[in-house]
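Let's walk through this structure together, starting with the chain as a whole and then moving to a few of its parts. Keep the 3D view open as you read.

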Amino acid sequence: QLTDEYMKPIMALQGSSLGFKTDQDTIKEKVGGKWVTKKGDGYPMEIVKECLIEGVFLGLEATGNQFNIIGGNMYPTREGFGALLDKMPNLKKNFEYKNIQQPARQKVAYVTVNITWQVDGETAKKQIIEFPIKSNEYTSYDALIGKAERKAKRWLFNTIKGTDISDGDVND
């Protein structure tokens, strides 16, 4: 059913926050002795179809940056895991981001997240997790919290559903 004509507007969403991002959105090439970042061609239609099908079966949409394609594979984003959690009936959840540690000259930072959740009126559960986040000296606290949010939502989704969706981040 996913004809070339049907896929045309979906392919146009590739490389945009309105649609989905990929690790092929930009390329670096040497021009006149300097490295220049240029717009990439993205993934071919067959890979986008496979990732779209996988994302839709999981409950994601092709719009709103709910998934990324990295290494030819589909990975839900922070927005995607948020949408999946929001679709769970009777789920109450809260994420608190504490104790952000960004050691100087290190390539990793740590964000502690207090996760509380309750499903169908059961006893509320709580988990405190320290997530390692890829970082450099220019990474802002907001960026660290954004990456920790994705990891926390992924953890909660996997915990509630009993799945093991792997980690993946187009910026990593």
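Among contacts between residues at least 6 apart in sequence, 48% join residues at least 24 apart. Please keep in mind that this is a predicted model. The protein chain has four helices and eight strands, and from the N terminus on these elements follow the order α-β-β-β-α-β-β-α-β-β-β-α. If you lay the C-alpha trace along its principal axes, it spans about 55 × 50 × 20 Å.

A few totals help to round out the overview. Of the 172 residues, 38% count as buried. The accessible surface of the chain is about 10,400 Å², and carbon and sulfur atoms account for 50% of that area. As for charge, there are 24 positive and 23 negative charges, and their mean positions lie 5 Å apart.

Now let's turn to a sheet. Three strands form an open sheet in the order β1-β4-β5, with mixed pairing. Its edge strands are β1 and β5, each of which pairs on one side only. In general, strands of a sheet pair through backbone hydrogen bonds, either parallel or antiparallel. Here β1 and β4 pair in the parallel sense over two bridges, while β4 and β5 run antiparallel and are joined by four bridges.

Start at the β1 edge with T22, which sits in this strand of residues 21-22. Is T22 buried or exposed? Its relative accessibility is 3%, so T22 counts as buried. Across in β4, the bridge partner of T22 is I69. The side chain of T22 also has polar partners: one of its polar atoms lies 2.9 Å from the backbone nitrogen of Q24, and a polar contact of 2.7 Å links the side chains of T22 and D25.

Moving on to β4, residues 67-70, you can follow which way its side chains point. As a rule, the side chains in a regular strand alternate between the two faces of the sheet. In this strand F67 and I69 point one way, N68 and I70 point the other way, and all are buried.

From β4 the chain continues into β5, residues 73-76. The two strands form a hairpin with two residues between them, and G71 in the turn has a positive phi of about 60°. Two facing pairs help you trace the hairpin: I70 stands opposite N73, and F67 stands opposite P76.

Next comes helix α3, residues 78-86, whose buried residues are G80, F81, G82, A83, L84 and L85. What covers these residues? The cover includes α2 (45-58), β5, β6 (91-101) and α4 (141-161). The strand β5 that you have just traced in the sheet is thus one of the elements over the buried residues of α3.

Helix α4 makes a good last stop, and E149 is a residue to look for there. Leaving aside residues up to four places away in sequence, which residues does E149 touch? They are R78 and Y97. R78 falls within the range of α3, and Y97 falls within that of β6. E149 and E96 are 53 residues apart in sequence, yet their C-alpha atoms are 9.2 Å apart in space. Finally, the side chains of E149 and K153 are joined by a polar contact of 2.7 Å.

Terms used: Residues numbered from 1 in each chain as written. Predicted model: local features only at pLDDT ≥ 70, side-chain atom pairs only at ≥ 80, totals over all residues. Heavy atoms only, no water. Buried < 20%, exposed > 50% of the residue type's maximum accessible area, 1.4 Å probe, protein only. Polar contact = N/O pair within 3.5 Å; in protein donor to acceptor, adjacent residues only side chain to side chain. Contact = heavy atoms within 4.5 Å. Areas by Shrake-Rupley, 256 points an atom, 1.4 Å probe, with all protein chains shown as cover. Lys, Arg positive; Asp, Glu negative; His and termini not counted. Charge placed at Lys NZ, Arg CZ, Asp CG, Glu CD. Pairing = 2+ DSSP bridges.
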